[in-house]
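Student: Could you take me through the salt bridges in this model? I would like a close look at how the charged pairs sit, and then at the surroundings they belong to.

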Amino acid sequence: MPRLVRSRLATLMFVFYFALGAWVVTLSTYLMSAPIKGGLNFTTGEVGLIYSTFAFGGMCAPLVIGVLTDRLFRAERVLGIACLLSAVLLFLAARWCDDQFTVMDEAYRTSASSQLVAGRPVLEQWQRLEAHEVPPGEEATIRTDVRLALDRVNEDPAVRQTSRDTFRTLFLIMLLYCICTQLVLTLTTVITLRNVPDPAHDFSRVRLFGTVGWIATGNVVGLLLRPASSDVLYLSAAATLLTGLYAFTLPATRPKGTGRSLVEAFGLPALRLFKDRSFVIFVFIAFFTTAMNQFYVVYGHRYLTDIGVPQPVGLMTIAQVCEVCCMFAIPLIGARRRMKLLMVLGLGGYLLRAAVLTIGWVPGVIALGVPMHGWGYAFFFMVAATYLDREAPPHLRASAQGIITFVSGGIGVLAGNTLAASVVNSHRVGTVIEWPLVWQVQLVGSVILFLAFVLFFHAPPERSPGKGLEGASHEG
């Protein structure tokens with residue numbers, strides 16, 4: 001395979017993950033922030049549902065991924081069309097947020113006008129606190145009274161109704177967008193695995209450029225844009241449009257399926273993989289690992305903001321720097337021979353991240369907690385993609401990737417978002433969140449998953465190229 005093809009696939013990864021990373025990290029902070037801080041004042045539950053659109057997309061995409069790319073159409077063409085639709089939907093989402101911010105800001109300020117703190121309107125007192133104009137002897141009392149008054153504003157029926165109205169339309173737009181994006185997410189993996197000569201060696205080297213794209217977008221957002229704003233949606237829309245146009249220049253990736261029955265057309269024979277014990281355990285662990293990971297994915301930026309970390313968007317790209325290093329190292333370590341060891345290292349990284357975040361020591365969070373996010377993803381999920389490609393028969397590999405998209409990227413993300421939102425909400429009073437109690441839940445879950453994987457998962461022996469589960473029998 002000419003090196004130029006790998007470079008073209010690496011470029012695909014870069015532009016797609018640049019687009020995705022533009023909004024994923026900071027959107028929750030934007031949606032949860034009060035209008036006086038530039039946000040839309042969503043509840044924790046509403047934010048969880050917005051992020052859960054990614055999960056709903058993950059459940060819908062596998063229903064069509066097999067029939068589209070294993071049976072009917074060239075994968076790069078499906079990818080391009082899905083990206084173009086995604087770009088339009090992101091632009092609509094950004095415009096809707098801009099239009100509704102004015103409505104939300106007016107409702108919020110109208111409610112706040114009736115709240116007085118020490119004889120002054122609460123927003124005036126808030127501005128004095130922000131400008132450090134309150135005498136030191138009065139600051140603690142006024143800060144507490146301002147927070148309580150803003151909590152009452154936040155719960156005003158008119159404010160909450162405006163939030164709900166904004167949420168409903170944004171949820172629908174993001175749902176349609178995420179269905180398209182989950183197709184794209186799966187297809188970037190499928191196209192790469194089908195076009196590189198040695199998936200176990202080449203996939204991580206190509207995929208690491210997606211992480212480089214994520215780092216790049218984090219720095220662009222952190223340095224040039226307002227992170228808690230609709231700017232991130234506009235940036236993502238532009239980058240997604242570029243991805244869609246570029247997709248049509250990729251190598252032709254034709255369908256490999258030959259059957260024409262309805263069962264085969266939807267890739268249902270890929271469900272045979274569940275006869276293998278190791279595969280079932282892997283799916284179980286991947287599901288719950290994704291669920292636990294959503295605590296950090298959705299609320300990590302808000303957590304770092306709350307503990308006073310400067311430039312949290314840029315800081316979070318440390319995880320992606322670590323991820324790039326790990327992906328580069330995977331082929332050198334030998335993913336084929338040490339598959340279980342590498343995935344254990346990944347789960348161990350997630351466990352360490354949860355422990356550090358629970359302790360809450362800021363230097364430790366920066367030096368260990370944030371980097372372990374990238375470490376865990378590279379060593380567990382990237383190696384897992386290679387494992388899945390090795391296990392599935394060639395003509396069902398897109399369908400097999402779709403199974404994992406459904407289980408992990410679909411219901412796993414949904415379960416994680418629901419659980420994380422419930423835990424955060426139970427430890428939230430107004431705008432204040434007791435973060436150590438939140439991370440304890442993730443820590444307990446990470447310990448259980450780590451032990452379960454070590455004890456029960458046994459990586460199958462490597463088989464000759466082209467053979468999936470149908471080509472060899474093993475206990476796992």
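Tutor: Happy to! A search of the whole structure, which is a predicted model, turns up 10 salt bridges. Side chains of opposite charge can pair when their charged atoms come close. Three of these pairs make a good tour.

Let's start in helix H7, which covers residues 136–154. Glutamate 139 and arginine 143 form a salt bridge there, with 2.8 Å from N to O. The two residues are four positions apart in H7, and therefore about one helical turn separates them. Neither side of this pair counts as buried, because the cut-off for that is under 20% relative accessible area. Glutamate 139 has 28% and is partly exposed, and arginine 143, at 38%, is partly exposed as well.

The next pair is in helix H8, residues 157–195. Here arginine 168 and aspartate 165 meet through their side chains at 3.0 Å, N to O. Their spacing is three residues, again about one turn of the helix. Both are partly exposed: the relative accessible area is 46% for arginine 168 and 35% for aspartate 165.

The third pair is built from another part of the fold. Arginine 207 and glutamate 323 form a salt bridge at 3.8 Å, N to O. This one links distant parts of the chain, with arginine 207 in helix H9 (residues 199–224) and glutamate 323 in helix H13 (residues 312–333), 116 residues apart. Both arginine 207 and glutamate 323 are buried.

Now for the surroundings. The chain has 17 helices and four strands, and 59% of its 476 residues count as buried. Of the contacts with a separation of 6 or more, 84% are between residues 24 or more positions apart. Methionine 343 gives a local example of a buried residue with partners far along the chain. Methionine 343 sits in helix H14 (residues 339–359) and has 0% relative accessibility, so it counts as buried. Leaving aside residues up to four places away in sequence, methionine 343 touches Phe379, Phe380, Val383, Ala384, Phe453 and Phe457. The C-alpha atom of methionine 343 is also 9.4 Å from that of valine 454, a residue 111 positions away along the chain. On the outside, the chain exposes about 19,000 Å², and 67% of that area comes from carbon and sulfur atoms.

If you are tracing helix axes, two bends deserve your attention. Helix H3 (residues 44–60) has 17 residues and reaches 25 Å between its first and last C-alpha, close to the expected 24 Å. H3 nevertheless bends by about 30° at tyrosine 51. Of its 17 residues, 13 are buried, so H3 is largely enclosed by the rest of the structure. Helix H5 (residues 75–112) has 38 residues, and its end C-alpha atoms lie 53 Å apart, in agreement with the 56 Å expected at 1.5 Å a residue. H5 bends by about 25° at glutamine 100.

Two loop residues are worth a look in a backbone check too. Most residues other than glycine have a negative phi. Asparagine 41 has a positive phi, near 65°, and lies in the loop between helix H2 (27–32) and H3. With 3% relative accessibility, asparagine 41 counts as buried. Glutamine 311 also has a positive phi, about 50°, and is placed in the loop between helix H12 (277–306) and H13. Glutamine 311 is partly exposed, at 48% relative accessibility.

Finally, a word on confidence. The mean pLDDT of the chain is 85, and 86% of its residues reach 70 or more. Helix H10 (residues 231–247) has the highest mean, 96, and helix H11 (residues 262–265) the lowest, 54. Over residues 465–476 pLDDT stays under 50, and the model has 26 contacts beyond four places in sequence for that stretch.

Key:
Residues numbered from 1 in each chain as written. Predicted model: local features only at pLDDT ≥ 70, side-chain atom pairs only at ≥ 80, totals over all residues. Heavy atoms only, no water. Buried < 20%, exposed > 50% of the residue type's maximum accessible area, 1.4 Å probe, protein only. Contact = heavy atoms within 4.5 Å. Areas by Shrake-Rupley, 256 points an atom, 1.4 Å probe, with all protein chains shown as cover. Salt bridge = Lys/Arg side-chain N within 4 Å of Asp/Glu carboxyl O. Expected span 1.5 Å × (residues − 1). Bend = angle between axes of the 7 residues up to and from the residue. pLDDT = per-residue confidence, 0-100.
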